[in-house]
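Colleague: I'm new to this one and would like a close look at a single part of it. Could you pick a spot and walk me through it, then show me how the rest fits around it?

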Amino acid sequence: MFISLFDVFKIGIGPSSSHTMGPMTAANRFLILLQSRYKKTEPLHLRVSLYGSLAFTGKGHATDTAICLGLLGLVPETLIPAEVPALLQNLQDKKKITFEESLTFNFNPEEDIIFDYSGPLDGHANGMIFSAFTLNGEELLKETYYSIGGGFVLSAKELKDSFKEDKKQKTDSKIPYPFSTADEMLEMGKASGLSIAQMKTENELSLKNAATLKRDVERIWNVMDDCVERGLNIDGELPGSLKVKRRAHDIYTKLQKEEQKNSVTPHICNEYLSVYAMAVNEENAANGQVVTAPTNGAAGVIPAVLKYYLDFVPGAKEEDIHCFLLTASAIGGLIKHNASISGAEVGCQGEVGSASAMAAAGLCAVMGGTNEQIENAAEIALEHHLGMTCDPVAGLVQIPCIERNGLGAVKAVTASSLALRGDGTHFVSLDNCVETMRQTGEDMSTRYKETSQGGLAVNIVEC
């Protein structure tokens, strides 16, 4: 099994990797598929149906906007947010899209994006069906896609074949350390004498050269760090019906003033840690550029912990960024492979819980932890997010998501500290914890899995 660092950490836009980035990618894939299959110049008519969590919280997550942008030929990584309003206005006026002058189709978002509340499709909670018709109603092409979390998108066939493909990749690929469980990861580390980050590096180098790997990892961190800085320096109101006010800028300003007056509290590091995470998720809620880590809803945890390390830990070095992110991505890959990172599938334990585990592992690694201590740090962080629901108020990635990232970052640092104080031995393995998370998510009511039908989403008015 091998999931690249660049699959775990994707550059995109807010507010959601599964509900915004995934549908945009799916729409773009359908557009390209249609272009390859249909060579005539007559205009077509497109329709998109959303199911499960995409239907229930799609409006708050800008799923409809994302689909429009994907059908306009855009993808999350290269999208320029400032250009979006004009593109959407043009589509609203014309209700028609022309792609590369070879494909024209009628598309009225208000009528042709259907939020189907009948229930999820069989494959995953985040399902969508794209259909293309001639103007006289003849169906030309139909494709089902699933947004499975973290911006990953699979067609129905790909989802069906995924287990078979994973098995084939593990036995046939040239990946030198194809660990699919944490136990295998530790065994390979012992046999090779390499750290988790070193094994992950060797795996990545089977796909790209060292210079490219270094450049691409640095780009991921630069986008993360830029997101933190933007969030710390912008105030105002977040989009959406809740009219939530940004808080990161105000908190950050107060912390700086307290430092200047030498009146800081002993827990000031925790305050910076939390505000770094909140800054990222306020940017995510404002549809800004973020990095899935491993999702948009949990995008603040890893940048916050890494920035905390660089800002507050004596001896921290810029080159440690690579070790941190490589280690974190190894843990994220294991969780995704063996359970889920999708809030719509397992609740927020799969989003902020996974992010906290990844951040704890990364911090433990750069603090000199052994492979066993790193695995222990990830397990502690994930264990103490088990059962966490995903219940976004009004379907927006704001309450409780923004604060939750701050707390996930604090838990990650605490988990790393506990692991470093031990020798790596512990009762519950990371593999057992991941399996428990999967089972818990399976048992969890769909009301608590990103549908806004339970929890805070329905009780906020009464509080």
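Modeller: Let's start at the second largest cavity, where H14 gives the most to the lining, with four residues. Before going on, keep in mind that this is a predicted model, in which local features need pLDDT of at least 70 and side-chain atom pairs count only at pLDDT 80 or more, while totals for chains, interfaces and linings use all residues. Residues are numbered from 1 along each chain as its sequence is written, and side-chain values use heavy atoms, with hydrogens and water left out.

A few terms first. A cavity is a set of points, on a 1 Å grid over the protein atoms alone, where a 1.4 Å probe fits but cannot get out, and lining residues have an atom within 4 Å of a point. Points are joined across faces, edges and corners, and the volume is the space filled by probe spheres set on them. Helices (H or I, at least four residues) and strands (E, at least two) are DSSP runs, numbered from the N terminus.

Our cavity has a volume of about 60 Å³. Its lining is made up of Met1, Phe2, Ile3, Tyr177, Pro178, Phe179, Lys200, Asn203, Ser329, Ala330, Gly333 and Leu334. Two helices, H9 (196-205) and H14 (320-338), each bring at least two of the lining residues. Sorted by class, you get eight nonpolar, three polar and one charged. Here Ala, Val, Leu, Ile, Met, Phe, Trp, Tyr, Cys and Pro count as nonpolar, Asp, Glu, Lys and Arg as charged, and the others, Gly among them, as polar.

Now follow H9 away from the cavity. Its buried residues (under 20% relative accessible area; exposed is over 50%, partly exposed in between, with a 1.4 Å probe and protein chains only) are Ile196, Ala197, Met199, Lys200, Asn203 and Glu204. Looking down the H9 axis, they fall within an arc of 160 degrees, so they line one face of the helix; the arc is that of the directions from the helix axis to the C-beta atoms. They pack against H1 (5-8), H8 (182-192), H10, H14 and H17 (371-383), with contact meaning heavy atoms within 4.5 Å.

What about the nonpolar packing in this model? A nonpolar core is a set of buried Ala, Val, Leu, Ile, Met, Phe, Trp, Tyr and Cys residues joined through side-chain atoms within 4.5 Å. The largest one has 96 residues, and Ile331 is among those with the most contacts inside it, along with Phe9, Met224, Ile302, Val305 and Leu325. Helix H16 (352-366) gives the most to this core, with eleven residues. Leaving out residues up to four places away in sequence, Ile331 touches Met185, Ala357, Met358, Ala361, Ala378 and Leu430. Another core, of 30 residues, lies apart from it and includes Phe30, Leu46, Cys68 and Leu71.

Back to empty space for a moment. Searching the whole structure turns up three cavities of 30 Å³ or more. The largest holds about 160 Å³, and among its 19 lining residues the closest to its centre are Gly297, Glu351, Cys390, Val397 and Cys401. Helices H2 (17-37) and H18 (401-420) each supply at least two residues of that lining, which splits into eight nonpolar, seven polar and four charged.

One more stop: the loop between E9 and H13, home of Asn296. This asparagine is buried, at 0% relative accessible area. Beyond its neighbours up to four places away in sequence, Asn296 touches Ile13, Gly14, Pro15, Ser16, Ser17, Met21, Asn281, Asn284 and Val290. Gly14 and Pro15 are worth a glance, joined by a cis peptide bond with omega of about 10 degrees. Pro294 is found in the loop between E9 (289-291) and H13 (301-312), and the bond from Ala293 to Pro294 is also cis, with omega near 0 degrees. Most peptide bonds are trans.

Key: On a 1 Å grid over the protein atoms alone, a cavity is a set of points where a 1.4 Å probe fits but cannot get out, and a pocket is an open set with protein on both sides within 12 Å along at least five of seven lines; lining residues have an atom within 4 Å of a point.
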